[in-house]
Amino acid sequence: MASCSQYDLIIIGGGAGGLSAAIYAMRAAMKTVLIEKGAPGGQMMLSDEVENYPGFKHIGGAELSMKMAEHAQAYGLEVVSQEVTALEPGLDVHTVRLANGDVLRSCAVILATGGSPRKLGVRGEDAYYGKGVSYCATCDGFFFRNKTVLVVGGGDSAAEEALYLSKLCEKVYIAHRRDALRASMILQQRIREECKIEVLWNTIVTEIKAEDNAVNQARLKDTITGDERHLDTDGVFIFIGFTPNNELVPAGTRMNADGFVVTDEKCETNSPGIFVIGDLREKYARQIVLSAADGCTAALAAAHFVEAKMAGKSDSVCELPESLMATN
Ligand code: NAP
């Protein structure tokens, strides 16, 4: 394929979506660079165990991240470890600026920057971050061995992380604002069966307190009665969803009210040649397998977009080239 500008494709973000896009882009012979400011894997890296990625009954999030990165790099993928400071869309060529001052240009861009943990917004949360407040049980659970912790949230993340913490801690409370968990049934069943875990239903955290600069209490409020009380705890692990990392999304790109980017079925935004995949994209569910699927879709669509541009066509909506359809 003829080269478009410096690169055919720039992928921003090295989680499951970005790495999957890289595998497909490299196999489609696109001149591709992937930019990632941290370690590859994204949110996957924060999962202790992944049990629903097809082909792996149990695999650590870090191991799956490593396998995906190795897979992409086996095709000779160029990886740049830098922070992206700006994405400037152009008519034909898009510009990506890096923190070190480098400027990269490409015909197509896939934005795969995911999301970050949502904050509770209560007093003590920021002040005691790293001193008992955490957003990652896999990273920080070790420091709470044989201690008592409070997990906040009722989704898959809260359930998974509470189960992980129950292997280390003496007692794990889960504070959930309703009377039913949102987590999948299999996780709910495991929570019920784990005697170290106690769910505090209809409960919100209103303040996190510390003594000697280490968390020692959380103030709780019953959402039905309004009653307040203190719970002794050594740590507070917060898993209440996440907010999209949309800082690089160019002005004028369609987003929903929550800041997730709206795309078409090819994962393309309303800026031609700019694709958004994974957790940053507006979608029904957020799973590793879905981010990987988005990566595939966007890379195939980007390959077609670049090829159409090279051929001097302006319309990118047509059949995939045979060479790409044959790739599996
Ligand atoms: P989530 O599914 O959005 O759940 C967030 C939880 O936090 C909900 O229970 C919500 O309560 C609660 N919450 C939200 N804001 C709150 C607040 N201000 N105060 C107290 N509680 C609050 O988020 P997630 O668990 O991080 O999961 C995100 C996505 O990743 C989901 O699609 C999930 O299925 C997926 N995921 C999948 C796996 C897996 O399959 N292995 C693992 C982790 C995550 P309500 O229930 O009342 O809304």
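**Exercise 1. Threonine 253**

Threonine 253 is found in the loop between β18 (242-244) and β19. In this predicted model, determine whether threonine 253 is buried or exposed, and which backbone atom lies 2.7 Å from a polar atom of its side chain.

*Solution.*
1. The relative accessible area of threonine 253 is 10%.
2. The cut-off for a buried residue is under 20%, and threonine 253 is therefore buried.
3. The backbone atom in question is the oxygen of proline 250, 2.7 Å from a polar atom of the threonine 253 side chain.

**Exercise 2. Arginine 281**

Locate arginine 281 between its flanking elements, classify its accessibility, and name the residue whose side chain makes a polar contact of 3.0 Å with the side chain of arginine 281.

*Solution.*
1. Arginine 281 belongs to the loop that lies between β19 (274-276) and α6 (288-310).
2. Its relative accessibility is 15%, so arginine 281 counts as buried.
3. The contact partner is aspartate 294: the two side chains are joined by a polar contact of 3.0 Å.

**Exercise 3. Strand β1 and its partners**

Describe the burial of strand β1 (residues 7-12), identify the strands to which bridges join β1, and give the handedness of the crossover from β1 to β2.

*Solution.*
1. Six of the six residues of β1 are buried, and the strand is mostly covered.
2. Strand β8 (residues 103-111) runs parallel to β1 and is joined to it by five bridges. Within β8, leucine 111 is the bridge partner of isoleucine 12.
3. Strand β2 (residues 32-35) is also parallel to β1, with four bridges between them. Here isoleucine 12 has isoleucine 35 as its bridge partner.
4. From β1 the chain passes through helix α1 (residues 16-27) to β2, and this β-α-β crossover is right-handed.

**Exercise 4. Alanine 25 in helix α1**

Alanine 25 has its place in helix α1. State its accessibility and its separation from glycine 295, both in sequence and in space.

*Solution.*
1. With 0% relative accessibility, alanine 25 counts as buried.
2. In sequence, alanine 25 and glycine 295 are 270 residues apart.
3. In space, their C-alpha atoms are 9.2 Å apart.

**Exercise 5. The ligand shell**

Name the residues that come nearest to the ligand, characterise the shell by residue class, and give the contacts of ligand oxygen atoms with asparagine 52, glycine 155 and serine 157.

*Solution.*
1. Of the 19 residues around the ligand, those that come nearest are Asn52, Asp156, Glu160, Arg178 and Arg182.
2. By class, the shell comprises four nonpolar, eight polar and seven charged residues. Helix α4 (residues 156-166) contributes the most, with three residues.
3. A side-chain N or O atom of asparagine 52 is 2.6 Å from an oxygen atom of the ligand.
4. For glycine 155 the contact involves a backbone N or O atom, 3.3 Å from a ligand oxygen.
5. For serine 157 a polar side-chain atom lies 2.9 Å from an oxygen atom of the ligand.
6. Of the 910 Å² of accessible area that the ligand has on its own, the protein covers 78%.

**Exercise 6. Two asparagines with positive phi**

Asparagine 146 and asparagine 202 each have a positive phi. Give the value, the loop and the accessibility class for asparagine 146 and for asparagine 202.

*Solution.*
1. Asparagine 146 has a phi of about 60° and lies in the loop between α3 (137-140) and β11 (148-152).
2. Its relative accessibility is 61%; the cut-off for exposed is over 50%, and asparagine 146 therefore counts as exposed.
3. Asparagine 202 has a phi near 50° and lies in the loop between β13 (197-200) and β14 (203-211).
4. Its relative accessible area is 18%, so asparagine 202 is buried.

Note on methods: Residues are numbered from 1 along each chain as its sequence is written. This is a predicted model: local features need pLDDT of at least 70, side-chain atom pairs count only at pLDDT 80 or more; totals for chains, interfaces and linings use all residues. Side-chain values use heavy atoms; hydrogens and water are left out. Buried means under 20% relative accessible area, exposed over 50%, partly exposed in between (1.4 Å probe, protein chains only). Two strands pair if DSSP finds at least two bridges between them. A crossover is right-handed if, with the strands pointing away from the viewer, the path from the first strand over the helix to the second runs clockwise. A residue is near a molecule or strand if one of its heavy atoms lies within 4 Å of it. A polar contact is a pair of N or O atoms within 3.5 Å; within protein, one must be able to donate a hydrogen and the other to accept it, and residues adjacent in sequence count only if both atoms are side-chain atoms. Accessible areas come from the Shrake-Rupley method with a 1.4 Å probe; for residues, only the protein chains shown count as cover. Ala, Val, Leu, Ile, Met, Phe, Trp, Tyr, Cys and Pro count as nonpolar, Asp, Glu, Lys and Arg as charged, and the others, Gly among them, as polar.
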